[in-house]
Amino acid sequence: MPSVPRLVIAAPSSGSGKTTVATGLMAAFTARGLAVSPHKAGPDYIDPGYHALATGRTGRNLDAYLCGPDLVAPLFLHGARGCDLAVVEGVMGLYDGAAGEGELASTAHVAKLLRAPVVLVVDASSQSRSVAALVHGFVSWDPEVRIGGVILNKVGSDRHEALLREALDSTGVPVLGVLRRAPRVETPSRHLGLVPVAERRGDAVEAVAAMAAQVEQGCDLEALLGLARTAGALTCPAWEPPGVAVPHRTVVAVAGGPAFTFSYAEHAELLAAAGAEVVTFDPLRDERLPEGTAGVVVGGGFPEVYAGELSANEPLRKAVADLALSGAPVAAECAGLLYLCRELDGRPMCGVLDATARMSERLTLGYRDAVAVGDSVLAAAGTRMRAHEFHRTVVEPGAGADPAWGVCAPVRRVEGFVRQGVHASYLHTHWASRPGVAERFVRRCRTPGAGGADGAP
C-alpha cells in the first residue's frame, strides 16, 4: 500500500492538551479538503467519538496490549486506507505503557510500530526556561522515537511565548505551534473521563469547531503536514476481517445511543464479515428489538447515568430478557453487564442475570489477561484473550456459577457470567485479536444451542 502521511500527537503527561490538539488538527486539515484518518492509542472509547466528529470518518483504536504489537500497523492501514493524512492521538504520557510491561502499549511503542514522527504537546502554563530541559529529556530518552516538533499549550502571553521559544532554540526541536489559554474548547468530564459526543452532540460540534479554530490560528499546518510526510514506509498488509460464505445474513442487534457508546469499529466489521446483518438499536428509545433479531451485543457506556430511562423502557427490557431466555446469543461487556442485571442502583433492569449492580467510589482500571473458564457463545474453554477493565460500579455477585473469565492478574479471580446463550462480563476485549469470536457468535445466532463443538475460539 502507498505510505500514508501520519503524525502521533503525544505529551509528557495526561492533561497536557493532546485531545484538543489532535482533534483540532483533524478538524483543521479536514476543513482544508484532506481525507483525515483518526486514531487513538490505547483502549479509550470516548476520544474517538470526537475524532469522528472532526473528520467525518470512524475513529479507531490502536492498542498494542489488547491486539498485540503485530496488529497495530495492519489495523492502522485498514482504517487509513484511501486517506491523505492520519493523526494518532496518544495515551497518557509518551512513555507510559501497560503497568509492569515496559514500553508495551505506550504512545512511544505505537509510534515506533507505525514508523511515525511524534509531535509533543507541552503544557507550558507554569514554566519558561525549564521547558527546554523537559523536551530534551523526552527527545533523548529513546533514540528510536523521533520527536519532530513541539506544540506549546496554555501559553499566557507574548512575553511568555518569547521565553519558551528562546529556551527551546537550544534543543534543536522546532516549535510547530503555540496555543493560548482558551477555556471555550474545554470539554466536560465526569467519573470515567470526557462526556461522550452522543450525549452532547450540539455542544460537542461547537467544541470541535473551537479546537479547529485554535489550532488553525496557532499551528503551522504546512510544517506539520510536511513532518507527516516523513513517516517511514509500512510494508505489512492492511488488516481485513476474515469473511465466511453464508446462505443468508443473520440479524445481530448492537446496542447504541447515548447510554451505550463504547465499541470498537472492528467488532461490527467482524460480525458483518461473519455473515451478520448488524442493526443498531437504542435501549433508551426503542421499545422492541430490530425485526428478526437472532442475537444481541451490548457493549460499554454509561447506563448508570441513564438508569431511570433504561428502567422505564420496560417493553425493551422484556424483549431482551425473552430473547436471552430463548437461548439466543447475548454478548455483554461492562455497561451491557449492568443492563442485564436484576437492578442498577435500585432500578429494575433486564433481569437476565441473578445479580445487582450499583455505583461505587472505587475506580477499577487496568489491562487484564483472561482465559475462558468454559464454553460460551464467544469462546471455547481455555481461549486466552487480553482485555481492559474500566468502571466505578460493583456487581454482586461478581461471578456466576459458570463464570465468563478467569483473570490471571493482578489478582487471580473469576468474573462474569455464562448462562445458556449469555456471555456477560466487565472485561472489554478487542475481537480483532481473535476473529473467531465474531464467527462463533454469528454461527450460534444461526443455530441457537449449537456452535463451539468444533473447538473454534
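Two helices count as roughly perpendicular when the angle between their directions is 65 to 115 degrees. Keep that range in mind as we walk through this predicted model, starting with a pair of helices that fits it.

Helix α1, residues 18-31, packs with helix α8, residues 221-228, at an angle of about 100 degrees, and their axes lie 12 Å apart. That angle falls between 65 and 115 degrees, and therefore α1 and α8 are roughly perpendicular to each other. Which residues make the contact? From α1 come Leu25, Ala28 and Phe29, while α8 brings Leu221, Leu224 and Leu225. Sorted by class, this contact has 6 nonpolar residues, with no polar and no charged ones.

Now look at another pair. The axes of helix α3 (residues 72-80) and helix α4 (residues 107-114) come within 9 Å and cross at roughly 70 degrees, which makes α3 roughly perpendicular to α4. Here Val72, Ala73 and Phe76 of α3 meet Val110, Leu113 and Leu114 of α4. The residues of this contact are 6 nonpolar, no polar and no charged.

Next, let us turn to the sheet. Strands of a sheet pair through backbone hydrogen bonds, and the pairing can be parallel or antiparallel. In this model, 7 strands form an open sheet with parallel pairing, and you can trace them in the order β3-β2-β4-β1-β5-β6-β7. At the edges stand β3 (60-62) and β7 (175-180); each has a single partner strand, so one side of each is left without a neighbour in the sheet. From one strand to the next, the twist averages 25 degrees.

To see one pairing in detail, find strand β2 (residues 36-41) and strand β4 (residues 85-89), which run parallel and are joined by 5 bridges. Within this part of the model, Pro38 stands opposite Val87 in β4. Helix α8 now returns to the story: α8 packs on the sheet and touches β1 (6-10), β4, β5 (118-123), β6 (147-155) and β7. The direction of α8 makes about 110 degrees with that of β1.

Our last stop is helix α2, residues 47-55. Which of its residues are buried? They are Asp47, Pro48, Tyr50, His51, Ala54 and Thr55. If you look down the axis of α2, these buried residues fall within an arc of 155 degrees, so they line one face of the helix. A general rule helps here: an α-helix has 3.6 residues a turn, so residues three or four places apart point the same way. Just after α2 comes Gly56, which takes a positive phi of about 75 degrees.

Methods:
Residues numbered from 1 in each chain as written. Predicted model: local features only at pLDDT ≥ 70, side-chain atom pairs only at ≥ 80, totals over all residues. Heavy atoms only, no water. Axes fitted to C-alpha atoms, helices over the stretch in contact; angles between N-to-C directions. Helix = DSSP H or I, 4+ residues; strand = E, 2+ residues; numbered from the N terminus. Parallel < 35°, antiparallel > 145°, perpendicular 65-115°, else oblique. Contact = heavy atoms within 4.5 Å. Nonpolar A, V, L, I, M, F, W, Y, C, P; charged D, E, K, R; others polar. Buried < 20%, exposed > 50% of the residue type's maximum accessible area, 1.4 Å probe, protein only. Arc of directions from axis to C-beta. Pairing = 2+ DSSP bridges.
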